Amino acid sequence: MAKTLTAATGAALALVFSTHALAQAPQPEVQLWRLDCGTVAANDLNAFSDTKAYTGQSKRLTSSCYLIRHGSDYLLWDTGLPSAMKGKPLDDSQAMDATVTLTIKEQLAQLKVDPARIKYVGLSHYHFDHSGQVADFPSATLIVGKGDWTVLTTDPASYGANPAPFAHWISGGGKVEQATTDKDVFGDGSVTMLRLPGHTPGHSGLLVRLKERGPVLLTGDLAHFSENYASNGVPTFNVDRADTLASLDRFKKLADNLKATVIIQHEPADVGKLPTFPQAAE
């Protein structure tokens, strides 16, 4: 018995010391850039409320993407609207319309980052305004919620999903990681993909821990603008109301407990909390 206790104690002490050593090891530098991935004219705002909270209202939304550098590795979070929409005039007669000013590749060029250096492309979900330029990064490992990947790879695709931009990965030409729970992207807790289903079956958000600014939480499409976030509004096109509300509850509690900066990805005022491109948050 004494010998067993000694062995167990030794293993426990080894775990404590190894954990302490890991905590003391220098952590790779993490930087976060906000990218302009388009503009959305929401001319019928009731699309974002299944209780008709915004009758007669409209709003201009941004479509934002994010570049995260972790040491020498890069993660691109969401890929915005399709490049084909570059320069397209907005049509206010449509319930919803969109346009693009600069492509992601053009913005990466300003940072002198070769697109081939993007190690991971993480998607909050498969909607076209978050996956529009994904095909421009074929060498990256695609990280997406398992529920969303199932939708994209089931013939025919459901919930309005368009598999075409994902053809490279669906055909096996690129690596895919399907997130079933929260995913620690780089293995050190600095960047975590958060499982937040409801908007789509595999919808996710992102937690980025920065040394100076502290934790930053990116919503994906958990909410689309400030009023919607504050009132726990549920868009008409979400796949599951109960899951949406549960995800909102989790996200808000996480934000409070971490004292995190919340960035609603379609809300221009929230995106403005981060430094103006090409400056990075650190």
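Let's begin at Thr39, which, once residues up to four places away in sequence are set aside, touches Arg60, Leu61, Leu81, Leu90, Asp97, Ala98 and Thr99. Keep in mind as you look that this is a predicted model. Thr39 is part of strand 1. Because its relative accessibility is 26%, Thr39 counts as partly exposed. To get a feeling for distances, find Tyr120: its C-alpha is 24 Å from that of Thr39, and the two residues are 81 apart in sequence.

Stay on strand 1 and step back to Cys37. This residue forms a disulfide with Cys65, with 2.1 Å between the two sulfur atoms. The bond joins distant parts of the chain, since Cys37 sits in strand 1 and Cys65 in strand 2, 28 residues apart. Both Cys37 and Cys65 are buried. If you look for further disulfides, you can stop here, as the structure holds 1.

A little earlier on the chain comes Leu35, a good way into the interior. The largest nonpolar core has 27 residues, and Leu35, Ile118 and Val121 are the ones with the most contacts inside it. Several elements give two or more residues to this core: strand 1 (30–42), strand 2 (59–70), strand 3 (73–77), strand 5 (118–122) and strand 6 (141–145), together with helix 2 (104–110) and helix 4 (146–153). In soluble globular proteins, nonpolar side chains tend to be buried together. What does Leu35 contact beyond its neighbours within four places in sequence? Its partners are Ser63, Ser64, Cys65, Leu67, Leu76, Ile104, Gln107 and Phe277. Cys65, the disulfide partner of Cys37, is thus also in contact with Leu35.

Phe277 deserves another look, for the peptide bond from Phe277 to Pro278 is cis, with omega near 10 degrees. Pro278 itself lies in the segment after helix 8 (268–271). There is also a cis peptide bond from Asp155 to Pro156, where omega is near 0 degrees. Pro156 belongs to the loop between helix 4 and helix 5 (167–170).

From these peptide bonds we can turn to backbone phi angles. Asp78 is a residue other than glycine with a positive phi, near 70 degrees. You will find Asp78 in the loop between strand 3 and strand 4 (96–99). Is Asp78 buried or exposed? With a relative accessibility of 0%, Asp78 counts as buried. Lys112 is not a glycine either, and its phi is positive at about 60 degrees. Lys112 is in the loop between helix 2 and strand 5. Its relative accessibility is 74%, so Lys112 counts as exposed.

Asp78 leads on to His125, because Asp78 is among the residues that His125 touches when those up to four places away in sequence are not counted; the others are His130, Ser131, Asp148, His199, Thr200, His203 and Asp221. His125 lies in the loop between strand 5 and helix 3 (128–131). Why does His125 count as buried? The reason is its relative accessibility of 0%. Two of its neighbours make side-chain polar contacts with it: the side chains of His125 and His199 are joined at 3.5 Å, and those of His125 and Asp221 at 3.2 Å.

The last stop is another part of the model, with a sheet and a core to explore. A second core, separate from the one around Leu35, has 21 residues and includes Val185, Met193, Leu206 and Ile263. Now trace the open sheet of 5 strands: its order is 8-9-10-11-12, and its pairing is mixed. Strands of a sheet pair through backbone hydrogen bonds, either parallel or antiparallel. Which strands are at the edges? They are strand 8 (183–184) and strand 12 (261–263), each of which pairs on one side only. Strand 8 pairs with strand 9 (residues 191–195) in the antiparallel sense, over 2 bridges. At one of these positions, Asp184 has Thr192 of strand 9 as its bridge partner. Helix 7 (residues 241–258) packs on the sheet and touches strand 9, strand 10 (204–210), strand 11 (214–218) and strand 12. The direction of helix 7 makes about 165 degrees with that of strand 11.

Technical notes: Residues numbered from 1 in each chain as written. Predicted model: local features only at pLDDT ≥ 70, side-chain atom pairs only at ≥ 80, totals over all residues. Heavy atoms only, no water. Core = buried A, V, L, I, M, F, W, Y, C linked by side-chain atoms within 4.5 Å. Buried < 20%, exposed > 50% of the residue type's maximum accessible area, 1.4 Å probe, protein only. Helix = DSSP H or I, 4+ residues; strand = E, 2+ residues; numbered from the N terminus. Contact = heavy atoms within 4.5 Å. Disulfide = S-S within 2.5 Å. Pairing = 2+ DSSP bridges. Axes fitted to C-alpha atoms, helices over the stretch in contact; angles between N-to-C directions. Polar contact = N/O pair within 3.5 Å; in protein donor to acceptor, adjacent residues only side chain to side chain.
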